Structure formats: structure tokens, C-alpha cells
Amino acid sequence: MRIANRECQKIINSTIPPLDLHILGGEEAAPGEFPHMVALGFDKGQGLSFDCGGSLVSNTYVLTAAHCIVTVDGIEPTVVRTGVVELGPKNFNESTDIRIAEVIVHPNYTRREKYHDLALVRLEKPIDPSYNLKPACLYTHNDEPRIALTVTGWGTTSNTRDIRSDFLLKANVTVVSRSQCSEDYTNWRKLPVGISPEQICAGDKDGIRDTCQGDSGGPLQGLTENDGNYRLIGITSFGRGCGSAVPGVYTRLSYYLDWIESVVWRN
């Protein structure tokens, strides 16, 4: 049995699944609906700026995108805000915030390309799991989930102005085939071999529901089993702007399970 599956069973055994499955479409998430969802806080001199999302995969580790750690301005996140749907103030909050002890970027990631875009963040202290705060299970199959998937984040809500949401938003997306997705991303300098098997594309063909800036590092997730618990399928990596009919591209976590397990569950 895979370590990730064993750890998932522990998560399921220790929690009560939510009673109601919420209707999706770009609206606010309910408290406890995505208890694994966290925000990464960057200290840029004017309070904390929550520029990326992440997902708890254990009580001490958060999974996010490598490009959220290896940033253009060289500023790494210092804080993780946990267990909230409303982001709240920019100052450090003892009740929700945990400092970051260590960041571990995937060894194959380079800023020159869009591949292997994942990183792990180790928290200074473990979370205290509750209804609003607990790790998520990892999806451990390499196939394409056939069900509608969900993206979540506090990112930009307008594709023309940089308006951020203070409330956690969710939207439904569906998987787009690699061949179709590759056509949408031809001649991208940072994708020298096109869309790779380690990436998964998903979007909304009407171009309304899609992840935006600020949702980087956040999860692509789905209710792939009948136990009411979301499985993490991907990490938001990049797209072609917000709300476009071109699918977003996500790091496909099933291809990185060995690396994730070796870091998170070392012993």
C-alpha cells in the first residue's frame, strides 16, 4: 500500500465528512468545505501579502507551486494562514498563522521552464486539526478523473482589473485532453516539449470559471471517491490569463508521489 494511501486512510478515519456537497460555479466556499486550503503570506514591508495558495498534505507540510517560492522579486513566503475562508487582516495572527520553517522546491524545477512546478513547505509547528483545518488526501492514479473537478483560491476575480477576493472562491472545471491542451500552448518558450505527462489541463469551455493570478499553488481537487473527502489531483501552475476558454495547466501530483512521500513521511 502506498504511503500516501495509508496516510489518507488516517485522515478519513479521524474526521466526519461534510454532510452537504456544495454547488459550484465561482462562488464563495463554506467554512470547512476545503479545510486543507491555506494561503501563503509574503512580507513585502507593508504587512502580509497573500499571493499564493497551498494545500495541507499532513499536519506539518503544505504543497504549493515552485514558482510561489522561487519568485521574480526573490521574496519567499514566511507565513501560512490556515483554517479560514475569509483572509482577514494583513498582520500576523496567532490564531490562524503558522511560520514557515523550511521550503523544499522540487529538484528538477527551473524558472526557465514551466515543468515540475511544485514545492513543499514545512511548518514551524504542526496544525491542530479541526472541522475547518485538516490535510487532504492525494489522488494516486495516473488516469484522468472523469468527474467535474474544483479549483479554489483567493485570487483575482476580474480579468480586467486586479481585484482580489477576501473570501475563498471555488469553481468547477473539467479535464481537457493533453493533445487539445498542447494545441492551446504551441510555441511557448517555457514549454519546449509542449504539455508534458506530468501536467494536467483543466478549464471551463465557456471561459467563465477558471483560476486566476493569486490562485497559483492552490489545489485542483475532486470528490473521486464516495467518502466525502477531496483528493488533490493537481497544483495550479499557469494559464493564459483569467476566464479564458484556454485551459489552465496544473502540476499532476500522481507523477510526484515518490518525491512527496520521501519528504513528508520520511520515517
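Buried here means under 20% relative accessible area, exposed means over 50%, and partly exposed is anything in between, using a 1.4 Å probe and protein chains only. This is a predicted model, where local features need pLDDT of at least 70 and side-chain atom pairs count only at pLDDT 80 or more, while totals for chains, interfaces and linings use all residues. Residues are numbered from 1 along each chain as its sequence is written, and side-chain values use heavy atoms, with hydrogens and water left out.

**The whole chain**

Show the cartoon to begin. You'll find 3 helices and 14 strands in the protein chain; helices (H or I, at least four residues) and strands (E, at least two) are DSSP runs numbered from the N terminus. Of the 267 residues, 52% are buried. Switch on the surface and you are looking at about 12,400 Å² of accessible area, 48% of it belonging to carbon and sulfur atoms (Shrake-Rupley method, 1.4 Å probe; for residues, only the protein chains shown count as cover).

**Stop 1: Ser55**

Select Ser55, in strand 3 (residues 48–56). Is Ser55 buried or exposed? With a relative accessible area of 2%, Ser55 is buried. Apart from neighbours within four places in sequence, its contacts (heavy atoms within 4.5 Å) are His36, Val38, Tyr61, Val62, Leu63, Pro219 and Leu232.

**Stop 2: strand 12**

Follow Pro219 from that list into strand 12 (residues 219–222), which is covered on both faces. Pro219 and Gln221 are buried on one side, Leu220 and Gly222 on the other. In a regular strand, side chains alternate between the two faces of the sheet.

Now add the partners; two strands pair if DSSP finds at least two bridges between them. Strand 9 (residues 149–153) pairs with strand 12 in the antiparallel sense over 2 bridges, and Thr150 stands opposite Gln221. Strand 13 also runs antiparallel to strand 12, joined by 4 bridges, with Arg231 of strand 13 as the bridge partner of Gly222.

**Stop 3: helix 1**

Next, pick helix 1 (residues 3–13) and colour Ala4, Glu7, Cys8, Ile11 and Ile12, which are buried. Look down the helix axis: these buried residues fall within an arc of 145°, so they line one face of the helix (the arc is that of the directions from the helix axis to the C-beta atoms). Their cover includes strand 8 (137–138), strand 13 (231–238) and helix 3 (257–264).

**Stop 4: Leu87**

Jump to the loop between strand 5 (79–81) and strand 6 (97–105) to find Leu87. Leu87 is buried, at 10% relative accessible area. Not counting residues up to four places away in sequence, Leu87 touches Ala39, Phe50, Arg81, Trp154 and Asp166. Measure to Ser165 too: 78 residues away in sequence, but 8.6 Å C-alpha to C-alpha.

**Stop 5: the rings**

Show the aromatic side chains. How many aromatic pairs does a search of the whole structure find? There are 4, where rings of Phe, Tyr and Trp (its six-membered ring) pair if their centres lie within 6.5 Å, and planes under 30 degrees apart count as stacked, over 60 as edge-to-face and the rest as tilted. One of them is edge-to-face: Tyr185 and Trp188, 4.9 Å centre to centre with 85° between the planes. Tyr185 is buried at 2%, while Trp188 is partly exposed at 25%. Add Phe238 and you have one aromatic cluster of Tyr185, Trp188 and Phe238.

Finish with two charges over rings (NZ of Lys or CZ of Arg within 6 Å of the ring centre and within 35 degrees of the ring normal). Lys44 has its charged end over Phe42, 5.7 Å from the ring centre, and the charged end of Arg99 sits over Phe92 at 3.9 Å.
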